[in-house]
Amino acid sequence: MALFARIRKEWFIIGIVLVITIAKLEPSVGVKGGPLKPEVTITYIAVSAIFFNSGLSLKTEELTSALMHVKLHLFVQSFTLAFFPVAIWLILKLLTLTTINQWLLKGLQTVGCMPPPVSSAVILTKAVGGNEAAAIFNSAFGSFLGIIVTPLLLLVFLGSSSAVPFSSIFSQLFMTVVVPLIVGQVCRRFIKDWLERRKPPFGAVSSCVLLMIIYTTFCDTFSNPGIDLDRFSLVLVVFIIFSIQLSFMLLTFLFTTRKRSGFTPADTVAIMFCSTHKSLTLGIPMLKIVFEGYEHLSLISVPLLIYHPAQILLGSILLPTIKSWMITRQRAVKLTNVQPI
């Protein structure tokens with residue numbers, strides 16, 4: 001009985017291990033063009049489901065309040081689209097002294113230039129119980145902003161430029177993020193009482209969708225021929241990516257938990273995920289457009305192919321710890337705010 005209870009509690013971590021194992025054994029099932037058709041089921045249906053789910057579960061007043069949290073939005077967008085690429089550029093100045101493949105290093109720089117994702121940061125923030133509304137806004141807004149800013153950053157740091165199909169990417173984001181969110185909010189108005197009475201498992205639904213994303217992402221990673229390079233460079237890049245993610249998560253945590261920072265524990269959770277996550281969905285198409293004709297495109301893409309599953313894996317592993325911290329901190333804040341009689 002105790003074992004069953006333990007499995008129920010840790011089902012998501014077990015699910016991650018399971019889907020990664022399945023992806024490793026048979027990656028052809030979940031790759032683009034494979035039987036699962038992730039280019040449709042994940043890119044459109046899964047992402048739309050995430051934001052429709054968020055639209056249903058979020059109270060309209062919470063979403064409206066999040067839109068007005070300008071300080072939080074400025075921090076997230078400045079960190080991910082300004083500090084992040086500059087910090088990576090400085091780190092690479094040191095890494096060029098090593099024997100790591102130079103095209104992998106260029107790939108690390110492209111990771112720094114990428115916008116935030118429209119799914120993983122929102123799901124992880126929701127799973128912890130953080131400021132989901134703020135995560136939704138910053139993921140969506142950052143993705144739209146990245147369509148313009150990312151090509152410019154690539155031009156500045158790598159000297160690469162190309163014509164980016166802004167209209168098609170904008171329309172895809174609008175249809176998979178904005179429309180489902182609005183539809184979810186409209187539906188909530190009609191079934192609000194039922195939702196509050198029955199309390200559907202929105203968190204579990206989002207977690208299941210995230211497992212699908214993890215599975216197809218790892219299928220792409222394991223099946224990509226560009227991963228087949230010297231082990232030293234590959235292992236070192238994986239270590240660097242995890243180190244960057246942990247360091248930047250710690251940095252955002254320390255900055256947003258300072259006294260007088262103005263951020264709540266729930267805000268901190270959203271900021272940690274939104275500021276440090278990078279989009280594979282937008283990233284790979286952008287790399288293919290900007291580096292069209294490059295014979296080393298596959299090598300440049302490797303760091304992003306590693307970074308995306310790594311951020312989901314790391315966030316999922318840290319999820320219980322972050323959730324425990326947030327709950328403890330929120331209780332402490334409530335006790336502090338209680339006025340003596």
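Where does helix α8 (residues 132-158) bend, and by about how much? Keep that question in mind while we take a first look at the chain, which is a predicted model.

The chain has 14 helices and zero strands, so if you follow the elements from the N terminus on, you will read α fourteen times in a row. Of the 341 residues, 50% count as buried. Consider next the contacts in the chain with a separation of 6 or more: 83% of them come from residues 24 or more positions apart.

Now back to α8. The helix, spanning residues 132-158, bends by about 50°, and the bend sits at G146. Follow α8 to its end and you will meet another glycine: G159, just after the helix, takes a positive phi of about 70°.

A good partner to view alongside α8 is helix α5, residues 70-95. The axes of α5 and α8 come within 10 Å and cross at roughly 30°. Angles under 35 degrees count as roughly parallel, and α5 and α8 are therefore roughly parallel to each other. Their crossing is right-handed. On the α5 side, the residues that meet α8 are L72, H73, V76, Q77, L81, P85, V86 and W89. Facing them from α8 are A134, F137, N138, F141, G142, L145, V149, L153 and F157. Sorted by class, this contact has 13 nonpolar, four polar and no charged residues. As you look along these lists, one piece of helix geometry is handy: an α-helix has 3.6 residues a turn, so residues three or four places apart point the same way.

A second pair worth rotating into view is helix α7 (residues 120-128) with helix α12 (residues 265-276). Here the axes are 9 Å apart and the packing angle is about 155°. That makes α7 roughly antiparallel to α12, since angles over 145 degrees fall in that class. The crossing of α7 and α12 is right-handed. From α7, the contact is made by A121, L124, T125 and V128; from α12, V269, A270, F273 and C274 take part. By class, seven of the residues in this contact are nonpolar, one is polar and none is charged.

While you are at α7, have a look at S120, which is placed in this helix. Is S120 buried or exposed? With a relative accessible area of 0%, S120 is buried. Leaving aside residues up to four places away in sequence, S120 touches H277, Q311 and I312. Another residue to find from here is S279: S120 and S279 are 159 residues apart along the chain, yet their C-alpha atoms are separated by 8.9 Å.

Finally, let us visit two loops for their backbone angles. In the loop between α2 (11-25) and α3 (38-57) you will find K37. Although K37 is not a glycine, its phi is positive, at about 50°. K37 counts as partly exposed, at 41% relative accessibility. The other residue is R260, in the loop between α11 (231-256) and α12. R260, also a residue other than glycine, has a positive phi near 70°. How does its side of the story end, buried or exposed? R260 is exposed, with a relative accessible area of 86%.

Technical notes: Residues numbered from 1 in each chain as written. Predicted model: local features only at pLDDT ≥ 70, side-chain atom pairs only at ≥ 80, totals over all residues. Heavy atoms only, no water. Axes fitted to C-alpha atoms, helices over the stretch in contact; angles between N-to-C directions. Helix = DSSP H or I, 4+ residues; strand = E, 2+ residues; numbered from the N terminus. Parallel < 35°, antiparallel > 145°, perpendicular 65-115°, else oblique. Left-handed = near helix turned anticlockwise from the far one by under 90°. Contact = heavy atoms within 4.5 Å. Nonpolar A, V, L, I, M, F, W, Y, C, P; charged D, E, K, R; others polar. Bend = angle between axes of the 7 residues up to and from the residue. Buried < 20%, exposed > 50% of the residue type's maximum accessible area, 1.4 Å probe, protein only.
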